[in-house]
Protein chains: 2
Amino acid sequence: MVDSIPSLTRLIAELAKFPGIGRKTATRLAFYLLRQPPGEAEALAGAILDLKARVRFCSTCFHITEHDPCALCTDPGRDDSLLCVVEEPQDLIAVERSRSFRGRYHVLHGALSPLDGVGPENLHITELLTRLKDGRVREVLVATNFSVEGEATALYLAQLIRPLGVRVTRLAYGIPLGSDLEYVDEATVHRAVEGRRDL
Amino acid sequence: MVDSIPSLTRLIAELAKFPGIGRKTATRLAFYLLRQPPGEAEALAGAILDLKARVRFCSTCFHITEHDPCALCTDPGRDDSLLCVVEEPQDLIAVERSRSFRGRYHVLHGALSPLDGVGPENLHITELLTRLKDGRVREVLVATNFSVEGEATALYLAQLIRPLGVRVTRLAYGIPLGSDLEYVDEATVHRAVEGRRDL
């Protein structure tokens, strides 16, 4: 039994903590590691420790980085008048990957969710407002998720930022590229019709 | 971008080596680890290193163990006249979990697969035959998988073991418990009819 091998039981328990990894998958992963040469397991363990040792949050934009301030905040080729606000570092990476935005970023680390006890004080909103004080930012693009929480956060930010004389924009709603209209949900089609453009 | 954070890129690459874990899942897991307190990441890294440091193969049955010989080989309450042969340690664990077998085990570490270059010399077959020499084992239950390779291995072992005067048995084919007959594949139903028993 696995229980007679404590180190295996322990690794399976640790792997099963990952979201979306159940006990069966964790067992499969642990057995895979067992079959690998020791160098492979050491490389993985080293990479995990290294990540936690090296990665921190940028004190300006709160993106993850190995050097503070991060490369995005120090890049002289970026437009200081544009600021994109996202919920999580992964969202920033998604926007960057689109190569459509050359301004600066601000990572909130979450979205407003009163039911989960997440209020404005739990997000990096105060720091966002401080960044807007010097008047260099002319437009804030709010790229929070299109979920209830993300939308509420976008509205909340708009109410705080508009009085500062800064333009607040939102990513366009619409049909995703390559979609079959037939399979797009009706709310998205509704928004796409509302936001229709001249050809 | 992730590429500007080398330690993150490296961990994602390491995690993506797991079977069934693609780049997207690896990225999700890495970001999850980033959000955890350092203690969590250290526990995972420690468990990985510990596993490789502690777990070895039993020199008798080749099951995984922290102590050689393993607990299954030294347990005085087990029947020395019964030996169950399996492909992998996971298979042994599956048989143990069924609480239906109280003999000893032998793990082959694979099945015959000429196309993949796995011949008898790559499995622990010589060691199996050596274990049968002292005449204590009266029955070998071949519990290799019900795949082409597992069946071929079972037949091969039967040819080697029967001449030694040892009974060779195979797990029963049949309908899995809780199945809807409608959805069981026809080859399994065929075998279940062949192997029908009196009620």
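**Exercise 1. Determine which rotation and which shift superpose chain B on chain A.**

*Solution.* Two copies of a chain are related by a rotation about an axis and a shift along it. In this predicted model, chain B falls on chain A after a rotation of 180° with 0.0 Å of shift along the axis, and the RMSD is 0.1 Å. That is the relation of a two-fold axis. The superposition is by least squares on the C-alpha atoms of residues with pLDDT of at least 70 in both copies, where pLDDT is the predictor's confidence in each residue, from 0 to 100. Among the residues of chain B, Ala45(B) comes closest to the rotation axis, at 2.2 Å (C-alpha).

Residues are numbered from 1 along each chain as its sequence is written, and chains are lettered from A in the order in which they are written. Local features need pLDDT of at least 70, side-chain atom pairs count only at pLDDT 80 or more, totals for chains, interfaces and linings use all residues, and side-chain values use heavy atoms, with hydrogens and water left out.

**Exercise 2. Describe the interface of chain B and chain A, beginning with how many residues are in contact.**

*Solution.* Step one is the count: 49 residues of chain B are in contact (heavy atoms within 4.5 Å) with 49 residues of chain A. Of the interface residues of chain B, 100% are also interface residues in chain A, so the copies meet through the same surface.

Step two is the area. The chains bury about 4800 Å² between them, 73% of it on carbon and sulfur atoms; buried area is the accessible area (1.4 Å probe) that two parts lose on being put together, summed over both.

Step three concerns charged pairs. The interface holds 4 salt bridges, each a side-chain nitrogen of Lys or Arg within 4 Å of a carboxyl oxygen of Asp or Glu. One of them joins the side chains of Lys17(A) and Glu40(B), at 3.2 Å, N to O.

**Exercise 3. Identify where the cis peptide bond before Pro69(A) lies, and state its omega.**

*Solution.* Most residues other than glycine have a negative phi, and most peptide bonds are trans. The bond between Asp68(A) and Pro69(A) is cis, with omega about -5°. Pro69(A) belongs to the loop between strand E2 (64-65) and helix H4 (71-74) of chain A; helices (H or I, at least four residues) and strands (E, at least two) are DSSP runs, numbered from the N terminus. In chain B, a cis bond joins Asp68(B) and Pro69(B), with omega about -5°.
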